[in-house]
Amino acid sequence: MSQPLPVTGAWRPGDPLGRRRFVSVGAGRPFVLEGGAARDDIRVAYQTWGDQAPDGANAVLVCQA
């Protein structure tokens, strides 16, 4: 039996993928954080539900720090 996901719902490497998709961003240039540190390769996990309306009116972006 698999372990339950953390209460926060945060995804961590090794967790079941489910319907998540992944994209790498920032390739070829550093992504500078507010604290001054920089990251060269950022992998973003995201998940979608349903179909997007032609005008994008039903799209919601939730950012988690």
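**Figure 1. Valine V25 in strand β1.** V25 counts as partly exposed, at a relative accessibility of 35%. The residue is placed in strand β1 of the predicted model. Because partly exposed covers the range between under 20% and over 50%, the value of 35% puts V25 in that class. V25 also takes part in a nonpolar surface patch, which is the subject of the next view.

**Figure 2. The nonpolar surface patch.** Four residues, V23, V25, V44 and Y46, make a nonpolar patch of about 270 Å² on the surface. Strands β1 and β4 are the elements that give two or more residues to this patch.

**Figure 3. Glycine G26 in the loop after strand β1.** The loop that holds G26 runs between β1 (21–25) and β2 (31–32). Is G26 exposed, partly exposed or buried? With a relative accessible area of 27%, G26 is partly exposed. Along the sequence, G26 and I42 are 16 residues apart. In space, their C-alpha atoms lie 6.4 Å from each other.

**Figure 4. Arginine R43 in strand β4.** R43 belongs to strand β4. Its relative accessibility is 58%, so R43 counts as exposed; the cut-off for that class is over 50%. Which residues does R43 touch, when those up to four places away in sequence are not counted? The partners are F22, V23 and S24. Among them, V23 is also a member of the nonpolar patch. A separation of 10.0 Å is found between the C-alpha atoms of R43 and A27, which are 16 residues apart along the chain.

**Figure 5. Arginine R19 in the segment before strand β1.** R19 is located in the segment that precedes β1. Its relative accessible area of 51% makes R19 exposed. Not counting residues up to four places away in sequence, R19 touches Y46, Q47, T48 and W49. One of these partners, Y46, is 27 residues from R19 in sequence, and the C-alpha atoms of the two are 8.6 Å apart in space. Y46 also helps to make the nonpolar patch together with V23, V25 and V44.

**Figure 6. The protein chain as context for the close-up views.** The secondary structure of the chain consists of zero helices and four strands, and the order of elements from the N terminus is β-β-β-β. Of the 65 residues in the chain, 3% are buried. The accessible surface is about 6100 Å², and carbon and sulfur atoms account for 56% of this area. Among contacts with a separation of 6 or more, 23% join residues that are 24 or more positions apart.

**Figure 7. Confidence of the prediction.** The average pLDDT of the protein chain is 79, and 80% of the residues score at least 70. Where in the chain is confidence lowest, and where is it highest? The lowest value belongs to strand β4 (residues 42–46), with a mean of 81. The highest belongs to strand β3 (residues 38–39), at 88. R43, shown in Figure 4, lies in strand β4.

Conventions:
Residues numbered from 1 in each chain as written. Predicted model: local features only at pLDDT ≥ 70, side-chain atom pairs only at ≥ 80, totals over all residues. Heavy atoms only, no water. Buried < 20%, exposed > 50% of the residue type's maximum accessible area, 1.4 Å probe, protein only. Contact = heavy atoms within 4.5 Å. Areas by Shrake-Rupley, 256 points an atom, 1.4 Å probe, with all protein chains shown as cover. pLDDT = per-residue confidence, 0-100. Patch = residues over 30% accessible without salt bridge, like charges linked within 9 Å, V, L, I, M, F, W, Y side chains within 5 Å. Salt bridge = Lys/Arg side-chain N within 4 Å of Asp/Glu carboxyl O.
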